[in-house]
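The exercises below concern one molecular structure. Please study the sequence and the three-dimensional view before reading the solutions.

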Amino acid sequence: MQVKTFRGQSYSALLQQVKSELGPDAVILSSDCISSNGKKAFELTAALEVPAADQEQAYDKKQEKSGSEDLIPDTEPGLQGEQWRQEWAEFKKSIFQMIKPQLQGPRISSRQKQALEFLEKQGVYPEVIMDLWSRLGKNSHLPTLDVLSRAVPVSSWKKQMRQGTIHCLMGPSGVGKTTTVLRLALESRNIKPGMKICLVNNDTQHAGGRLFLKHYADLSGFSFMEIKSAQDLKSLKQAREKFDLVFMDTPGLGPHDNVQDSLWMKHMKNIQRHLVLSPVYAHEQLDNYLQKYSRDDLNSLIWTKLDEACSYGTLVNASWKSALPASYLGFGKGLRHCSTSASRDNFWKLIFKKKLPQATQQEDNNF
Ligand SMILES: Nc1nc2c(ncn2[C@@H]2O[C@H](COP(=O)(O)OP(=O)(O)OP(=O)(O)O)[C@@H](O)[C@H]2O)c(=O)[nH]1
Ligand SMILES: [Mg+2]
């Protein structure tokens, strides 16, 4: 409601003013005879009901004038991309819900249907559900987990470990890269005691991460090395010959950093690259990370902070989309007793039963 007070010498002139300023729908709320500078005068208070839509428009105009509209980033290209991704995901979900009752997919057992419905509730994308359905229908002679595992690969750390000497862990900031480097080094020594292991720090941005890595390398008897520039790569080449396994920690990349420009992407050949992710990130965010780190450059996906997530459908989406196997699982803040190699068994128990994996029992170290 718009309310305004008018003052003047003549009552009829004031009425005219109300009409011309607020229009014929204005209502007079009060009228008074007052004294102004010792002269008689009139005061009129009139009001006009303004529809909500008009009020919004008027408010928008006011905001534009004050310049605060600049804060609303609806024309920012990056955000548009993100919005588009979100809208597309919502659109796919709605279409799937609409056509689901009419779907005549291949025949699958009612237990398999239940399993797919459960996956859908855990946030597994409609296109993944459709693919799994089709695979289950075509392979009715195979156990369900065999079929699911072909579409969503899992490869234990033991297998990954055999594939190369230098393992580089990369991923978003704070996801748990440094922690996982240490966990993997301990796990590998557990699998093959007596291995010569070197930890390499390439995180020149966070002194904390570097000190943490060095401290635990000293405590556990691992060698430690720093790589700051392309010139230091020579020493890494030597490390390849000197050590059985080398683990490299990298700085977390922000949304605007270009992964392909980084040292370990540009200059380093024949290394195993693992992308560290967590299901606590939104689906769209994870899709974005997967896109950013090209699938061709990667060997596996490592999942952390499983203990902080409440559903795990996103693990299925990521491996299905990228065809990259899940290799290692982390589910606690510490270094010991909260991580283990991924296996078909612990992976699917996590997805279907929400049961966190059993940690690898490591021999007691100094921490
Ligand atoms: N709850 C939980 N916390 C974890 C897990 N893994 C790591 N963390 C915690 O996450 C925080 C960040 O871990 P870091 O290993 O430093 O992560 P980062 O990716 O190296 O971080 P930046 O180097 O800053 O990019 C620490 O407090 C870890 O204890 C996990 O599996 N579960
Ligand atoms: Mg770190």
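Conventions come first, and exercises with worked solutions follow.

This is a predicted model, in which local features need pLDDT of at least 70 and side-chain atom pairs count only at pLDDT 80 or more, while totals for chains, interfaces and linings use all residues. Residues are numbered from 1 along each chain as its sequence is written, chains are lettered from A and ligands numbered from 1 in the order in which they are written, and side-chain values use heavy atoms, with hydrogens and water left out.

**Exercise 1. The surroundings of ligand 1**

Describe the residues around ligand 1 and their polar contacts with ligand 1.

Solution.

Step 1. The shell is found by taking residues with a heavy atom within 4 Å of the ligand. There are 19 such residues, and Lys177, Thr178, Thr179, Asp307 and Gly332 come nearest.

Step 2. The shell is sorted by residue class: Ala, Val, Leu, Ile, Met, Phe, Trp, Tyr, Cys and Pro count as nonpolar, Asp, Glu, Lys and Arg as charged, and the others, Gly among them, as polar. The result is two nonpolar, ten polar and seven charged residues.

Step 3. Helix 8 (residues 177-191) supplies the largest share of the shell, four residues. Helices (H or I, at least four residues) and strands (E, at least two) are DSSP runs, numbered from the N terminus.

Step 4. Polar contacts are pairs of N or O atoms within 3.5 Å; within protein, one must be able to donate a hydrogen and the other to accept it, and residues adjacent in sequence count only if both atoms are side-chain atoms. An N or O atom in the side chain of Lys177 lies 2.7 Å from an oxygen atom of ligand 1. The backbone also takes part: a backbone N or O atom of Lys333 is 3.2 Å from a ligand oxygen, and a polar backbone atom of Phe331 is 3.4 Å from one.

Step 5. Ligand 1 exposes 650 Å² when taken alone, and the protein buries 81% of that. Accessible areas come from the Shrake-Rupley method with a 1.4 Å probe; for residues, only the protein chains shown count as cover.

**Exercise 2. Salt bridges**

How many salt bridges does a search of the whole structure find, and where does the pair of Asp287 and Lys321 lie?

Solution.

Step 1. A salt bridge is a side-chain nitrogen of Lys or Arg within 4 Å of a carboxyl oxygen of Asp or Glu. The search finds seven. Side chains of opposite charge can pair when their charged atoms come close.

Step 2. One of the bridges joins Arg135 to Asp131, with the closest N and O atoms 2.8 Å apart. Both residues belong to helix 5 (residues 126-138) and are four residues apart, about one turn of the helix.

Step 3. Another joins Asp218 to Lys214, at 3.3 Å between the closest N and O atoms. These two residues lie in helix 9 (residues 207-220), again four residues apart.

Step 4. Asp287 and Lys321 meet through their side chains at 3.4 Å, N to O. Asp287 lies in helix 12 (residues 283-292) and Lys321 in helix 13 (residues 313-322), so the pair ties together parts that are 34 residues apart in sequence.

Step 5. Buried means under 20% relative accessible area, exposed over 50%, and partly exposed in between (1.4 Å probe, protein chains only). Asp287 has 15% and is therefore buried, whereas Lys321, at 39%, is partly exposed.

**Exercise 3. Two interior residues**

Are His167 and Trp303 buried or exposed?

Solution.

Step 1. His167, in strand 4 (residues 166-170), has a relative accessible area of 0% and is therefore buried. Its side chain makes a polar contact of 2.9 Å with the side chain of His274.

Step 2. Trp303 is placed in strand 9 (residues 300-303). With 0% relative accessibility, Trp303 counts as buried. The C-alpha atoms of Trp303 and Gly330 are 6.1 Å apart, although 27 residues separate the two along the chain.

**Exercise 4. Backbone angles**

What is the phi of Ala323 and of His337?

Solution.

Step 1. Most residues other than glycine have a negative phi.

Step 2. Ala323 has a positive phi of about 60 degrees and sits in the loop between helix 13 and strand 10 (326-330).

Step 3. Phi of His337 is near 60 degrees, likewise positive. This residue lies in the loop between strand 10 and strand 11 (339-341), and at 37% relative accessibility His337 counts as partly exposed.
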